[in-house]
Amino acid sequence: MCELHDHPQPGRTRLILPMPLGQTHDAMLNGEKHVLDSLAPDTVMMMGDNPALPKVPEKPTLLDFFRTRINGITRRHLLTSAHRAMEQGMDEKVVLAILLHDIAVACLIRADHGYWGAQMIAPYVDEEVAFAVQYHQCLRYYADEANGYPYPESYNRFFGPDYAPPDYIRADAEHARNHRFYLSARQVTVFDSYFFDDTPAPDSEIFADIIGRHFRQPSQGLGFDNSPVAHMWRTVIWPHNAL
Ligand SMILES: [Fe+2]
Ligand SMILES: [Fe+2]
């Protein structure tokens, strides 16, 4: 619950319903019941800006999402990995793919993040960039020593050394290996390592030129261009909307 002052419907307490994803039947039911029981003349269900989150500008750009919605360890991971790729003179499209490869983890959803991330950006980037983002997820499970990618030690720690990816991951990795954009997706995995050191993340602004050249920013703002994925960006802007 939170009080609103400089937002619509001021003075009322906004109630946030539980997210359905990953809830058990009972937890969902209890959460929904709690909100319904709390409805009163001085409450409303959360719709629109949640004042607990940074405000997203009216016509948001990709960098606005980096400023307001791309968070946590993954924010640093994206900026650091892309910065390293840029410093090593990688192709700009590959740098952009690295900058965006885990965008879903950072602001939308973790499960199948490569697929969600690729879908979010597909209308705005070259096919090669969306491909690299989608397929980095499955290729991460398969070493390619010749191209500088050993199986990640971190995955042994995260998932256990006996983890076996599901069939769709194996099949998609196989598809990617035979694709003309394979090396771009593989490059994403090469730079896709976690740097748990104290170096601060670079400022997202250092990517402004690459984004300007390779990300087709809609003039109405991400979320408001009526594209097939606009709703995904709006969900990131207003994640707590009741409906
Ligand atoms: Fe990833
Ligand atoms: Fe990553």
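This tour moves from the whole chain to its helix pairs and then to selected single residues.

**Before selecting anything**

The model is predicted: local features require pLDDT of at least 70 and side-chain atom pairs count only at pLDDT 80 or more, whereas totals for chains, interfaces and linings use all residues. Residues are numbered from 1 along each chain as its sequence is written, while chains are lettered from A and ligands numbered from 1 in the order in which they are written.

**The whole chain**

Display the C-alpha trace first; along its principal axes it spans about 65 × 40 × 40 Å. Colouring by secondary structure shows 12 helices and three strands; these are DSSP runs numbered from the N terminus, with helices being H or I of at least four residues and strands E of at least two. Of the 243 residues in the chain, 32% are buried. Here a residue is buried if 20 or more other C-beta atoms lie within 10 Å of its own, exposed if 12 or fewer, and partly exposed in between, with C-beta atoms placed from the backbone. Among contacts between residues at least 6 apart in sequence, 69% join residues at least 24 apart; two residues are in contact if their C-beta atoms, placed from the backbone, lie within 7 Å.

Next, select residues 2–45 as domain 1 and 62–236 as domain 2. These bounds come from an automatic or database domain assignment. The C-alpha centres of the two domains lie 33 Å apart.

**Helix α7 and its partners**

Select α7 (residues 127–139) together with α9 (residues 167–177): their axes come within 8 Å and cross at roughly 125 degrees. Axes are lines fitted to C-alpha atoms, for helices over the stretch in contact, and angles run from 0 to 180 degrees between N-to-C directions. The two helices are therefore oblique to each other; angles under 35 degrees count as roughly parallel, over 145 as roughly antiparallel, 65 to 115 as roughly perpendicular and the rest as oblique. The crossing of α7 and α9 is left-handed, meaning that the near helix is turned anticlockwise from the far one by less than a right angle, and a clockwise turn is right-handed. Show the side chains of Tyr 135, Cys 138 and Leu 139 on α7, and of Ile 169, Asp 172, Ala 173 and Ala 176 on α9, as these residues make the contact. They comprise six nonpolar, no polar and one charged residues. In this classification Ala, Val, Leu, Ile, Met, Phe, Trp, Tyr, Cys and Pro count as nonpolar, Asp, Glu, Lys and Arg as charged, and the others, Gly among them, as polar.

Keep α7 and add α10 (residues 182–191). The axes of α7 and α10 come within 8 Å and cross at roughly 55 degrees, and the pair is therefore oblique. This crossing is right-handed. On α7, select Glu 128, Phe 131, Ala 132, Tyr 135, His 136 and Leu 139; they meet Ser 184, Ala 185, Arg 186, Val 188 and Thr 189 of α10. This contact has six nonpolar, three polar and two charged residues.

Then bring in α4, whose axis comes within 9 Å of that of α7 and crosses it at roughly 40 degrees. The crossing of α4 and α7 is right-handed. Lys 93, Val 94, Leu 96, Ala 97 and Leu 100 of α4 make the contact with Glu 128, Val 129, Ala 132 and Val 133 of α7. Seven of these residues are nonpolar, none polar and two charged.

**Val 94**

Centre the view on Val 94 in helix α4 (residues 92–100). Val 94 counts as buried because 23 other C-beta atoms lie within 10 Å. Beyond its neighbours within four places in sequence, Val 94 is in contact with Ala 85, Ala 132, Ser 184 and Gln 187.

**Loop residues**

Move to Asp 112, in the loop between α5 (103–107) and α6 (113–121). Although not a glycine, Asp 112 has a positive phi of about 50 degrees. With 15 C-beta neighbours inside 10 Å, Asp 112 is partly exposed.

Finish in the loop between α11 (208–214) and α12 (230–237), where Pro 218 is placed. Pro 218 is partly exposed, having 18 other C-beta atoms within 10 Å. Leaving aside neighbours within four places in sequence, its contacts are Asp 225 and Ser 227. A distance label from Pro 218 to Lys 59 should read 8.8 Å, C-alpha to C-alpha, for a separation of 159 residues in sequence. Asn 226 is found in the loop between α11 and α12 as well. Asn 226 has a positive phi of about 60 degrees although it is not a glycine, and it is exposed, with 8 other C-beta atoms within 10 Å.
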